[in-house]
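Let's take a friendly walk through a protein structure together. Keep the picture open as you read, and look up each residue when it comes up.

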Amino acid sequence: MSNNLILLVGRLLLSIMFILSGLQKFGGIEGTAGYISSVGLPAGTALAWLAALFETLIGIAILVGFQTRAAALLLAAFCVFTGLVFHYAPADQMQMIMFMKNVTIAGGLLALFVAGPGALSVDARRGGAAAYA
């Protein structure tokens with residue numbers, strides 16, 4: 001299997017969770033806002049809408065390979081931030097599993113940041129596939 005195909009599959013696997021999570025938030029903004037407020041962050045409703053938009057749009061950018069390096073870096077930071085704020089609870093094994101999931105996904109996104117999107121991407125079509133091979 002070519003590296004470009006593997007990068008495409010990797011982008012699909014990394015993006016699907018964010019796209020689905022963002023879309024799910026649109027259907028339950030109140031619940032997301034409540035969860036955000038429960039950890040002491042202000043403006044829960046506004047942050048819920050921002051999170052839904054961010055996860056959906058940046059997830060789609062990763063999927064199609066548009067501004068991939070920037071999108072991967074933003075999502076990696078998002079994963080670390082949300083892991084620390086919402087899941088870092090050493091006394092709670094389930095929350096620590098969720099925290100480690102976030103950290104692990106951030107690692108995959110950082111690898112994508114370094115590798116780039118591959119030739120099967122919008123970025124490659126815009127700037128020449130050779131730059132992303």
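## One salt bridge

By the distance rule used here, the count comes to one salt bridge. The partners are glutamate 55 and lysine 25, whose side chains meet with 2.7 Å from N to O. This pair ties together distant parts of the chain, since glutamate 55 belongs to helix α3 and lysine 25 to helix α1, 30 residues apart.

Are these two residues buried or exposed? Both glutamate 55 and lysine 25 are buried. Please keep in mind that this is a predicted model, and that the values in this report are computed from it.

## The overall picture

Now step back and look at the whole chain. How many helices and strands does the protein chain have? There are six helices and zero strands. Reading from the N terminus, the order of elements is α-α-α-α-α-α. Along its principal axes, the C-alpha trace spans about 50 × 30 × 20 Å.

The protein chain has 133 residues, and 37% of them are buried. Look next at contacts between residues at least 6 apart in sequence: 66% of these join residues at least 24 apart.

## Surface and charges

The protein chain exposes about 7,300 Å², and carbon and sulfur atoms supply 73% of that area. As for charges, there are 6 positive and 4 negative ones, and the mean positions of the two groups are 16 Å apart.

## A nonpolar patch

Which residues make the nonpolar surface patch of about 1,000 Å²? They are Leu12, Ile16, Met17, Leu20, Leu23, Phe26, Trp49, Leu53, Leu57, Ile60, Val64 and Phe66. The elements giving two or more residues to this patch are α1, which covers residues 3-26, and α3, which covers residues 44-64. Helix α1 gives the most, with six residues.

Methionine 17 is a good member of the patch to find on your screen. Methionine 17 sits in helix α1 and has a relative accessible area of 32%, so it counts as partly exposed. Elsewhere in helix α1 you can find valine 9. With a relative accessible area of 37%, valine 9 is also partly exposed. Valine 9 and leucine 63 are 54 residues apart in sequence, yet their C-alpha atoms are 9.0 Å apart in space.

## Two loops with a positive phi

Phi is one of the backbone angles, and here is a rule of thumb to remember. Most residues other than glycine have a negative phi. Which value does alanine 43 have? Its phi is positive, at about 55°, although alanine 43 is not a glycine. You will find alanine 43 in the loop between α2, which covers residues 29-38, and α3.

Glutamine 67 is another case: its phi is positive, near 50°, and it is a residue other than glycine. Glutamine 67 lies in the loop between α3 and α4. Its relative accessibility is 42%, so glutamine 67 counts as partly exposed.

## Two residues of helix α4

Helix α4 covers residues 68-87, and leucine 74 is in it. Why is leucine 74 called partly exposed? Because its relative accessible area is 45%, which lies between the cut-offs of 20% for buried and 50% for exposed. Setting aside neighbours within four places in sequence, leucine 74 is in contact with Phe54 and Ile58. By contrast, try finding arginine 125: leucine 74 and arginine 125 are 51 residues apart in sequence and 22 Å apart in space, from C-alpha to C-alpha.

Alanine 77 is in helix α4 as well. At 48% relative accessibility, alanine 77 counts as partly exposed. From C-alpha to C-alpha, alanine 77 and asparagine 102 are 9.9 Å apart, with their positions 25 residues apart in sequence numbering.

## Helix α6 and a distant partner

To finish, go to helix α6, made of residues 122-127, where aspartate 123 has its place. Is aspartate 123 buried or exposed? Aspartate 123 counts as buried because its relative accessibility is 7%, and the cut-off for buried is under 20%. Aspartate 123 and glycine 65 are 58 residues apart along the chain, while their C-alpha atoms are separated by 5.8 Å.

How values were computed. Residues are numbered from 1 along each chain as its sequence is written. This is a predicted model: local features need pLDDT of at least 70, side-chain atom pairs count only at pLDDT 80 or more; totals for chains, interfaces and linings use all residues. Side-chain values use heavy atoms; hydrogens and water are left out. Helices (H or I, at least four residues) and strands (E, at least two) are DSSP runs, numbered from the N terminus. Buried means under 20% relative accessible area, exposed over 50%, partly exposed in between (1.4 Å probe, protein chains only). Contact means heavy atoms within 4.5 Å. Accessible areas come from the Shrake-Rupley method with a 1.4 Å probe; for residues, only the protein chains shown count as cover. Lys and Arg count as positive and Asp and Glu as negative; His and the chain ends are not counted. The place of a charge is taken as NZ of Lys, CZ of Arg, CG of Asp or CD of Glu. Patches are made of residues with over 30% relative accessible area and no salt bridge: like charges are joined within 9 Å, nonpolar side chains (Val, Leu, Ile, Met, Phe, Trp, Tyr) within 5 Å. A salt bridge is a side-chain nitrogen of Lys or Arg within 4 Å of a carboxyl oxygen of Asp or Glu.
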